[in-house]
Amino acid sequence: MTDKKVSVVVPIYNVEKYLNKCVETIVNQTYDNLEIILVDDGSKDNSGALCDQWAEKDSRIKVVHKENGGLSSARNAGLDNATGDYLMFEDSDDWLESTLIEKCVDRIKKDSSDLVIFGYRKVDEEGNNLGEFVFGNEVFDREQLTEQLYTRIVEMSFGYAWNKLYNLEVLKKSGIRNDSEIIDREDLVFNMQLLDYLGKVSYLEFVGYNYLQRDTSLLHNSSLARLKNIKIFCEKMYGIDLKNDVVKRKVYNMNVLHYLSDCIIKNIIWNDELSKADKIRLMNNMINDAPNKDKLYDDEENPRHLRVLYKSIKS
């Protein structure tokens with residue numbers, strides 16, 4: 001029997017410093033039947049040329065050059081060009097352990113599942129291990145995973161796109177796309193929207209992905225762009241039908257409060273360019289912009305800082 005083909009989509013933008021290591025760990029996987037799609041999202045550095053050089057060296061690599069449209073747009077371009085049986089997203093500054101794809105394919109075939117979720121470690125630019133996230137070998141149907149969704153998001157297994165192997169046929173039939181309107185937590189929205197189309201989901205007890213924490217990355221700076229995204233994020237989250245109103249309320253509440261807390265701390269309080277008055281104004285504006293605030297509540301299972309934030313919003 002011919003091995004199933006795995007499409008690996010790598011969205012790329014100005015990452016010439018990291019790209020070779022990323023691609024090298026894909027081409028050197030123990031699983032050989034790969035389609036590696038490098039999506040150059042209008043890079044202004046040498047990233048596009050590096051992609052072309054890799055394509056010349058390995059026939060499994062195809063390169064898509066496009067105008068800059070952001071992470072979701074680049075992932076969608078890769079998805080549109082994918083012809084495999086399974087699909088994996090990898091960020092262009094991260095890298096894989098050599099047996100990851102082989103282990104994922106073995107698991108998804110063994111369980112006849114539509115999605116495999118695997119572990120990862122966070123590392124800094126010096127290669128220091130900042131923490132590992134390992135999840136036990138388990139299999140769930142859609143209803144079971146939905147019941148556990150709050151826990152699975154809190155443990156940081158469900159909310160990313162890059163620690164998963166997707167059944168590409170299911171993904172394409174669903175019509176779910178990466179949403180370019182959302183600039184933060186877009187992976188979480190993507191996976192929650194897809195949940196309704198999944199039969200079984202497998203968890204793989206293996207740390208196979210290295211997630212680089214860069215000081216200059218989008219999510220680790222003081223940009224105010226995330227503040228403007230709160231309304232869109234809330235609307236998209238609230239519009240997802242989980243077929244379970246209790247879980248939906250709990251998950252919506254936690255994620256909106258977490259988003260608000262994250263922005264207040266990282267993008268307002270830590271922003272040295274803002275005056276105290278500006279910080280207060282921006283915090284008030286962001287909270288006021290969040291729709292469906294009447295759906296928020298004091299959940300005893302939420303972390304303490306989220307409960308304090310809720311009480312301050314309601315006071």
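Start by selecting Asp-111, which is buried, with a relative accessible area of 9%. You are looking at a predicted model, so take this tour as a walk through a prediction.

Keep Asp-111 on screen and add Arg-107. These two side chains form a salt bridge, with their closest N and O atoms 2.5 Å apart. Arg-107 is also buried, at 11% relative accessible area. Now show helix H4, residues 100-111: the two partners sit 4 residues apart in this helix, so about one helical turn separates them. As a general point, side chains of opposite charge can pair when their charged atoms come close.

Next, select Arg-60 and Asp-58. Here is another salt bridge, and the closest N and O atoms are 2.9 Å apart. Is Arg-60 buried or exposed? With a relative accessible area of 16%, Arg-60 is buried, because the cut-off for that word is under 20%. Its partner Asp-58 is buried as well, with a value of 13%.

For a change of scene, go to Lys-243 and Asp-241. Their side chains meet in a salt bridge of 3.5 Å, N to O. Lys-243 is partly exposed, with 48% relative accessible area, and Asp-241 counts as partly exposed too, at 47%. Leave both selected and add Arg-142, Glu-143 and Asp-196: together with Asp-241 and Lys-243, they are linked in a network of salt bridges. How many salt bridges are there in the whole structure? A search finds 32.

Now move to helix H8, residues 186-194. This helix is mostly covered, with 8 of its 9 residues buried. Color the buried ones to see them together: Glu-186, Asp-187, Leu-188, Val-189, Phe-190, Asn-191, Met-192 and Leu-194.

Stay with Met-192 from that group, for Met-192 also leads to the last stop. Along with Met-237, Ile-240, Leu-242, Lys-248, Val-251 and Tyr-252, Met-192 lines the largest cavity. About 40 Å³ of space lies inside this cavity, and the count of cavities of 30 Å³ or more comes to 1.

Which helix gives the largest share of the lining? That is helix H11, residues 245-269, which contributes 3 residues. Color the lining by residue type to finish: 6 of the residues are nonpolar, none is polar and 1 is charged.

Key
Residues numbered from 1 in each chain as written. Predicted model: local features only at pLDDT ≥ 70, side-chain atom pairs only at ≥ 80, totals over all residues. Heavy atoms only, no water. Buried < 20%, exposed > 50% of the residue type's maximum accessible area, 1.4 Å probe, protein only. Helix = DSSP H or I, 4+ residues; strand = E, 2+ residues; numbered from the N terminus. 1 Å grid on protein atoms, 1.4 Å probe; cavity = no way out; pocket = protein on both sides within 12 Å on 5 of 7 lines; lining within 4 Å. Points joined across faces, edges and corners; volume = space filled by probe spheres on them. Nonpolar A, V, L, I, M, F, W, Y, C, P; charged D, E, K, R; others polar. Salt bridge = Lys/Arg side-chain N within 4 Å of Asp/Glu carboxyl O.
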